[in-house]
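Let's take a walk through this model together, starting with one helix and moving outwards to what packs around it.

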Amino acid sequence: MIRVVIADDHTIVREGLKQLLSGAGAFKIVGEARDGHEVLKVVRETDFHVLLLDMSMPGKSGMELIKQVKSEKPRLRILVLSMHEEHQYAVRAIKAGASGYLTKDSASTQLVSAIEKVASGGAFISAEVAEQLALNAMPHAEGPPHAALSDREYQVFRMLVSGRPVSAIAVDLNLSVMTVSTQKARLTEKMGIDNQADLVRYAIRHRLGDDSGDPA
């Protein structure tokens, strides 16, 4: 039996995932978590094989959570379940330590095979994500400007283009306004963009989407 923990802040999503897995017969749900702090608690207290992890939960979440979980349980396999189809988002999750990336839209048809794949030591990613990872590994590889951002800078970028002001971002990320302003200055310098309108146009042009901006 593959022992699984489901981490998602929506009860209806957790129940739906449990129903999807219950009919497969090869899985045992041994824990649930509603936020990043509960994830760390169950990771420390429970023996299991696969963490099914939503990327956007209250508290610690996203890339930072993946990195911390892997630092404490290096052998634990993490399958990210996200609403975002964006390849850059998936690439960052894999680089942070996830073993797979699955969109919620695909969960109904691919969840069982995805968990089985990562539990057996494999990786579950799309061909596009695999290609991007390979390109990034090539010497002197150059990607789009947003690919050069740190995880935190990318997170702030996503929140900025979704229309959130610096003060609201600071509250959401539990950071000072000065720290967020510094992140904003760094990311605009790296991207060669110096105003909000151009940041939004860039996001639209690169199909980065609109979300809470929480990849980190």
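A residue is called buried here when its relative accessible area is under 20%, and exposed when that value is over 50%. Keep in mind that the model is predicted.

With those cut-offs in hand, turn to helix α2, which spans residues 36-45. Its buried residues are G36, V39, L40, V42 and V43. Looking down the axis of α2, you will find these buried residues within an arc of 165°, so they line one face of the helix. An α-helix has 3.6 residues a turn, so residues three or four places apart point the same way. Over on the other side of α2 you meet H37 and E45, both exposed.

What covers the buried residues of α2? The cover includes the strands β1 (2-7), β2 (27-33) and β3 (50-54), along with helix α3 (62-72). At the N-terminal end of α2, D35 acts as a cap, with a side-chain oxygen 3.1 Å from the backbone nitrogen of H37.

Now for the wider packing. The largest nonpolar core has 28 residues, and those touching the most other members are V39, L51, L53, I66 and V69. At least two residues of this core come from each of β1, α2, β3, α3, β4 (77-82) and α4 (87-96). The biggest giver is α4, with six residues.

Try clicking on I66: leaving aside residues up to four places away in sequence, I66 touches L53, M55, I78, V80, A93, A96, G97 and A98. Apart from this core lies another, made up of 19 residues, including Y154, V156, F157 and V166.

Methods. Residues numbered from 1 in each chain as written. Predicted model: local features only at pLDDT ≥ 70, side-chain atom pairs only at ≥ 80, totals over all residues. Heavy atoms only, no water. Buried < 20%, exposed > 50% of the residue type's maximum accessible area, 1.4 Å probe, protein only. Helix = DSSP H or I, 4+ residues; strand = E, 2+ residues; numbered from the N terminus. Arc of directions from axis to C-beta. Contact = heavy atoms within 4.5 Å. Polar contact = N/O pair within 3.5 Å; in protein donor to acceptor, adjacent residues only side chain to side chain. Core = buried A, V, L, I, M, F, W, Y, C linked by side-chain atoms within 4.5 Å.
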